[in-house]
Amino acid sequence: MNSMDMARQSERKEPYIRKTATLLTVERDAFASFSFDREACLVRGAWKEQMVRWGLDGSALLKTLSAPGKVEKREKLNSEAGLALAAAFYERAAEMLVGMAVPDDWQSVRERVISSGPAAMNKRAADFHRIYAPVGILPPDQYGALVLQLTTGCRYNRCSFCTFYRGQKYMVKSPEAFAEHIRQVKAMLGAALERRQAIFLGDAGALNVPRYILLEAMDLLAEHFPLPTAVARPRWPVYAFMDAFGVGPAALTEADVGTNAAALTTADFAMLREMGLSRVYIGVESGSEAVLRMLNKPVRPQVVAALVKTLKEAGIAVGVIFLLGVGGQKLAAQHAEESAALLAELPLDGQDTVFFSELVADEKSSYSDWVRRLVITPLTPEELAEQERAMRRTLPPREAGGPAVTRYDVREFIYY
Ligand code: SF4
C-alpha cells in the first residue's frame, strides 16, 4: 500500500477518541492519529506516511513509511522545523475534533486545540530553551522520564566517538539553582507532569558530583516529589547515568580520572537508594582496554566491575551499555571476547539490563577520523548480530534470573 492508498483508506473512516489517564488521542486509524497531553501539547501524531514524535523542545523524530510498519526514512527535525510540522498536524486534528464529543476531563484540551492550535506547544518549547541546557542523550527506557539537570554537559567530554555534549560547558547547579530549576520545570509542564513516572537526574554524570551536592539534590527531590516508600507503589524513582571515572572536581582533568570510582561507598549508595535512587546507567562501551584506549575513554574494565558490584550490594539496579561494531573488523574479535569476559564478571540479575548499542559516530568525531585514517572496515548487520551473540553468551538467561538484554538505537533518542 503506497501513501496515497493509506490516505484514501484513512479518509473513508469516521474519527473516534481514545484516552488514557494522561493522553487524549483523536484518530481515524494508524494513518491519521493525534495524541495530546493535559496541556493540549501534541506528543505524537501520524498523517499518511508520516509518523512523528515531538520532544519537549519542539524538535521531532519524523519517520516516513514506505508501507505500513516499514520505515523508509528517519529524520531528526530541529525545534523550528518540528514546530512547523506540529502546526500542520494541529490543523488536521482540530478539523477532526470539531463536532466530536470528548470525555469531560478532556474538554478543555479539545477546546484549546481547536481555538489556540499549537500555542501551548510553542510556549512550552520556548520555556524549555530558557530552562534547560540541551538534553544530549538518555537511556532508551528513560526518554519519557522527568529530566532534572543537576549538572549540564559532561565533565570529561573527550571520548572520541561521543558528540552528545560537544561545545556545551559542564556545570553543576548549586542547591538554590537546582531548586529553582525544579520549580521552573514543574511550572513548564503544568498538568502534563502527570505523564512522568520517574525522574532522570541529568546530565552525563550527575552522580559524579561531590557527595554533599548529590545528597542535597536528593533531599530537594524528596521535598518536591513523593519518593518510593516501602508501603506505597513506587512513584518517582530516580535514575541517572554514572561514569566510572570517580567523583571529581567540576571539570575533569586527565589527572583526576582513573581508578577512584569507589569514592561513593556501598553505604553511600544504600542511603541514596533509600532516598529514591533506583537504577544507575553506565556507559561501559567495551571490556577491552585496547578498545577503551582507542575511544579515549579513561576507564578500566576492573573499575567498572567494582562500581557495578558496589551498586548491586547497595540494592541499586544497573543498566550497562556496550557498543556494537566499535573498532570495526580490526578490533572486533578482541572487543567481543573481552566484553563477554567483563559481562561474565558483573553480578547482574533480573533487575538489571544490558544494552547493546550500535556505534553511530558523528562524521566530525575523532573516532570517524581514526576510521578514515586506518581504513577500518565496519561490521555488516550480520556481523553486528554475531558480535552481540558472542558478547551475551556468558550471561545467564532471563528465565534463570539473568538480566534483560536489549538493543539501544541512539538515533531513536528524543526527550519527549
Ligand atoms: S561517552 Fe560519556 S563520558 Fe565520554 S564524552 Fe560522552 S558523555 Fe562524556
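A crossing of two helices is called right-handed if the near helix is turned clockwise from the far one by less than a right angle. Keep that in mind for the first stop in this predicted model.

That stop is a pair of helices. The axes of helix 2 (residues 79-97) and helix 4 (residues 119-131) come within 10 Å and cross at roughly 165°. Angles over 145 degrees count as roughly antiparallel, and helix 2 and helix 4 are therefore roughly antiparallel to each other. Their crossing is right-handed. Where they meet, Ser79, Leu83 and Ala86 come from helix 2, while Met121, Asn122 and Ala125 come from helix 4. Sorted by class, this contact has 4 nonpolar and 2 polar residues, with no charged ones.

Next up is the sheet. It's an open one with 7 strands in the order 1-2-3-4-5-6-7, paired antiparallel. Strand 1 and strand 7 sit at the edges with a single partner strand each, so one side of each has no neighbour in the sheet. On average, neighbouring strands are turned by 15° against each other, direction ignored. Strand 6 and strand 7 run antiparallel and are joined by 7 bridges. Across this pair, lysine 63 stands opposite arginine 74 in strand 7.

Here are three of the strands:

| Strand | Residues |
|---|---|
| Strand 1 | residues 16-19 |
| Strand 6 | residues 60-67 |
| Strand 7 | residues 70-77 |

Last, the ligand. Among the residues surrounding the ligand are Cys154, Cys159, Cys162, Tyr156, Tyr165, Phe164, Asp243 and Lys297. The whole shell divides into 7 nonpolar, 2 polar and 2 charged residues.

Terms used: Residues are numbered from 1 along each chain as its sequence is written. This is a predicted model: local features need pLDDT of at least 70, side-chain atom pairs count only at pLDDT 80 or more; totals for chains, interfaces and linings use all residues. A residue is near a molecule or strand if its C-beta atom, placed from the backbone, lies within 6 Å of it. Ala, Val, Leu, Ile, Met, Phe, Trp, Tyr, Cys and Pro count as nonpolar, Asp, Glu, Lys and Arg as charged, and the others, Gly among them, as polar. Axes are lines fitted to C-alpha atoms, for helices over the stretch in contact, and angles run from 0 to 180 degrees between N-to-C directions. Helices (H or I, at least four residues) and strands (E, at least two) are DSSP runs, numbered from the N terminus. Angles under 35 degrees count as roughly parallel, over 145 as roughly antiparallel, 65 to 115 as roughly perpendicular and the rest as oblique. Two residues are in contact if their C-beta atoms, placed from the backbone, lie within 7 Å. Two strands pair if DSSP finds at least two bridges between them.
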